[in-house]
Each structure stands twice: as structure tokens, then as C-alpha cells.
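The report that follows reads through selected local features of one model, moving from single residues to helices and their packing.

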Amino acid sequence: MNIIEIISKKRDKKRLSKEEIEYFIKGYTKGEITDYQAAALVMAIYINGMDYEEIKDLTLAMANSGETLDLSDISKTIIDKHSSGGVGDKITLIVMPIIASFGIPVAKMSGRGLGITGGTIDKLESIPGYRTDISLEEFKNNIKEIGISLIGQTKDLAPADKKIYALRDTIACTDNIPLIASSIMSKKIAAGANKLVLEVTCGSGAFMKNQEEAEELSTLMKKIGELAGIETVCVITNMDEPIGKAVGNSLEIEEAVQALKGKMQEDVKQVVLTIASYILKLAGYGNDLEENKRKVLEKIQSGEAYEKFTQLVEKQYGDVEYLNNIKKAKYIVPVRNEKSGYITKLNAEQIGKASLELGAGRMKKEDEIDHTVGIILEKKIGSKVDAGETIAYIHSNKENIDEVKQKILSAYKIDAEKPEEYKHILNII
Ligand code: URA
């Protein structure tokens, strides 16, 4: 067996055996298969697809590319949550401390930004000192001591995903069901949780552009989860417009902090409450989802959820004081719309691209990101606006931002008629 034969098979639309998939994952993880060979195979998978058996084999090979954690000595129930990616998606940062404040252990391995979508790890790293690369021993200890740990992909846990994920980002292979399912589920299997809620995003700012694709991805990940003994629920959320107000790393941390202190945007609130209520159900805290939502609001109002977030930041070497005084970019520039009416569209993909252009994400694997830049969306779908009103603010460290401004303006559609109500939760699988 060799990698050229494996690439040729997938190029020619043939199925790969379990052994071939394992050969690729082992070889690439060890550095014996080059980036360009891996890129060719990943592109062939992107174009020609994989069947369920191949996707399952790829997921398990990636999960087994490093250590797999056994957290059963901590608790019978360990919770994890993951998003398939979106623009302005800070839901993990809000939900996980809330859940940990119930005393439910949270073990979460997140990713960096991918394409136009932001990553929880990049957002957390905007907090000075916060370490997403702690050892697995510390990860486990943190869960034991404060009930939560949030880390990035490591060279020990699912290292194959770390490499393939970064590669996909730079070869236009992000929006693909086999690659997303194996990436997400390999991390989840390796990190040791046994209850999982997946936020599967759908719309212009997500990898899945329509509900049918999001449902296909959800069904697949649920099947793989259950095969691996992880009880899995998928919440399909609408990502046609960005979620919340902030897009960009430290801006989203600021929004998450406000949310944990009780000031939540309505769309963020609906998604947070839905996901948290399903997690509570999975964790055995009650089957009544409305009652669970009330319990979640109590944890926010009592200050326990925010307190848990500060404990997490401190435990992972972050500067808690910084949360009260988050650093801003050099220029904060208003974007004013030209006509009056109702906002009927706010294209999340365009906003994601504008944010990338400011430097909030990576164009190349090696790019450094600028944590302070991004966009604050003052007006969203359904808002009434007057001509000349500020609809957004650009936070930039570059002075010349005309193109970014144009991108933001073109993301908004303004019509005379009020649009139909925008649904935030599209389905539960
Ligand atoms: N999140 C992941 O971890 N992987 C993907 O491919 C997409 C979102």
C-alpha cells in the first residue's frame, strides 16, 4: 500500500478500505505523508465524497491518532458541546460555564477559526495569558477541581484532526460533510465525554448552506456518536445572519462576558437556552425543557455562570481582570446605511469575509490573527432603520477600510416591507 495508490483510488471515485484510511491517517500524523499528498487526498474526498463506512473509519482513525481520554473516574456523565462553525458564534463560551455552574463536568476541545467561521480557541487566546495548550493531565485536573476545561486540539488528542483541519482551511476544503463529521466527531471521541450536544449551523455563514444538508450532517454525526457510546443531540441553528452583535475574537469575548452577566441578545439567548436545556436533559437534570431554561436563567442571574467563567480563565492562566477592560482596536468606524426601511437580509458570509479582511481570521495556515479587530452589528434582520443611521461599527487597526465598509453595506438588504420572523432554531435531531 502507498499514498499515491490511495490518492488515485479516491481521485477515480473508488471507496477506500479501513486499512487504507488508517494508513493515511497514521502516515500523515507522523509526518511521513507530505502536506501536498494529504492536500491531494483531502481534495479528492471533497470532490468525490465518502460513504458511511468510510466516514466512520476516517473518524475512528482520526480519534485513535493520539490518546483517547478516559474520564470515567471523574463522573458517570461528562458533557461536551460543539458547533459546526459560524460567524459570531460565541455560544460555546456562554453555554459551557453555565453548565459547569450546575456541577456538571464539562470537558471541551475546541478548534481555531476555519474559513470565514471563527474558532473558540482563537477567541479564548485573545484573553492575555489564557492557555489552550495545557497538558492532558492539567485538562483532567481542571475538570476535577473546577468542573470545566476548554482546550484546543493537541498533539496528544486527535492530532490528525489538528493537521487536517489546518490544511483544509488553506485549500478550500472546509464545507464538506465527510470532512466536517470526521473532524468534529474524532475530537469528541478522543476527549472522553459521553453526552454531546452539537450545534449544527445552517445558512450563508455556515458550511451547510441549507437545512437539508445540515440535517444530513446531523444524522451522520449522531450515528457515529452513538456507535462510539456518546449520547448525541443535534440542534440545527440558523446562521443566515451572524449570531449576536459581535464578530471578531475579543469582541466576541466581550459579548460572551456580557451575556454571562445577564445582558444577552435575543438570538443568542434563544440558542443558549435551547442548547443548555438539552444538555441538562442529557445530564439527567430534568426532561422538561422549559423548566430547564428557567434553571439556566437562574444560574445567570445569580452570577454563578459568570463566576465559573472567571474560574476557568484563571485556572488556564488567563488574566481575569482583562475581562473588565477588553482591549480595543485603534479605529472604531461607523457604517451608515443609505436608505430607510426594514433589514430583510444580513448575509453572514459577507460579514465573515469582511472580518477576515480586517485580520480576525487566517488566509494562510501561518497567519497571525489580530484579536482586537472585527465588526459590531448594531442592526439585524427585522430592524427598522432610517437613511444615514449607523448599522454597524468596524473595529480595525488599519486606516484604509473602504473595501470592508462596502462588504458590510452589501451584506445588508433593506426593503420597505417588514420581513417574516427570523427563526433561530430550525430543527432538533
Ligand atoms: N468544527 C470542527 O471541529 N471541524 C470542522 O470541520 C468544522 C467545524
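## Buried and exposed sites in a predicted model

T92 counts as buried, because its relative accessibility is 4% and burial is taken as under 20% relative accessible area. The structure discussed here is a predicted model, and within it T92 belongs to helix α5, which covers residues 91–101. Once its neighbours within four places in sequence are set aside, T92 is in contact with K81, P97, K108, S110, T120 and L150. A214, by comparison, stands 122 residues from T92 in sequence, and the two C-alpha atoms are 19 Å apart in space.

A second buried site is L346, which has a relative accessible area of 2% and sits in strand β8, residues 341–346. Not counting residues up to four places away in sequence, L346 touches D240, E241 and P242, then I351, L377, K379, K380 and I381, and also A411 and Y412. Between L346 and E357 there are 18 Å in space, C-alpha to C-alpha, for a separation of eleven residues in sequence.

Q37, a residue of helix α3, also counts as buried, at 18% relative accessibility. Its side chain is joined to that of T34 by a polar contact of 3.1 Å, and, leaving aside neighbours within four places in sequence, Q37 is in contact with I3, I4 and I7.

Two loop residues can be set beside these buried sites. Each of them has a positive phi although it is a residue other than glycine, as stated for K13 and for A172, and the table gathers their values.

| Residue | Loop | Phi | Relative accessible area |
|---|---|---|---|
| K13 | between α1 and α2 | near 65 degrees | 66%, exposed |
| A172 | between α8 and α9 (177–191) | near 55 degrees | 57%, exposed |

Helix α2, residues 18–30, comprises 13 residues and reaches 18 Å from its first C-alpha to its last, which is close to the 18 Å expected at 1.5 Å a residue. What are the buried residues of α2, and against which helices do they pack? The buried residues are E20, I21, F24, I25, G27 and Y28, and they pack against α1 (3–11), α3 (35–48), α4 (52–63) and α8 (159–170). After α2 comes G31, whose phi is positive and lies near 90 degrees.

The last feature is a pair of packed helices. In general, two packed helices are described by the angle between their axes together with the distance between those axes. For helix α7 (residues 136–146) and helix α14 (residues 304–315), the axes come within 11 Å and cross at roughly 145 degrees, and the crossing in which α7 passes α14 is right-handed. On the α7 side the contact is made by N142, E145 and I146, while α14 contributes K308, Q311, L312 and K315. Sorted by class, the residues in this contact of α7 with α14 are two nonpolar, two polar and three charged.

Notes
Residues numbered from 1 in each chain as written. Predicted model: local features only at pLDDT ≥ 70, side-chain atom pairs only at ≥ 80, totals over all residues. Heavy atoms only, no water. Axes fitted to C-alpha atoms, helices over the stretch in contact; angles between N-to-C directions. Helix = DSSP H or I, 4+ residues; strand = E, 2+ residues; numbered from the N terminus. Left-handed = near helix turned anticlockwise from the far one by under 90°. Contact = heavy atoms within 4.5 Å. Nonpolar A, V, L, I, M, F, W, Y, C, P; charged D, E, K, R; others polar. Expected span 1.5 Å × (residues − 1). Buried < 20%, exposed > 50% of the residue type's maximum accessible area, 1.4 Å probe, protein only. Polar contact = N/O pair within 3.5 Å; in protein donor to acceptor, adjacent residues only side chain to side chain.
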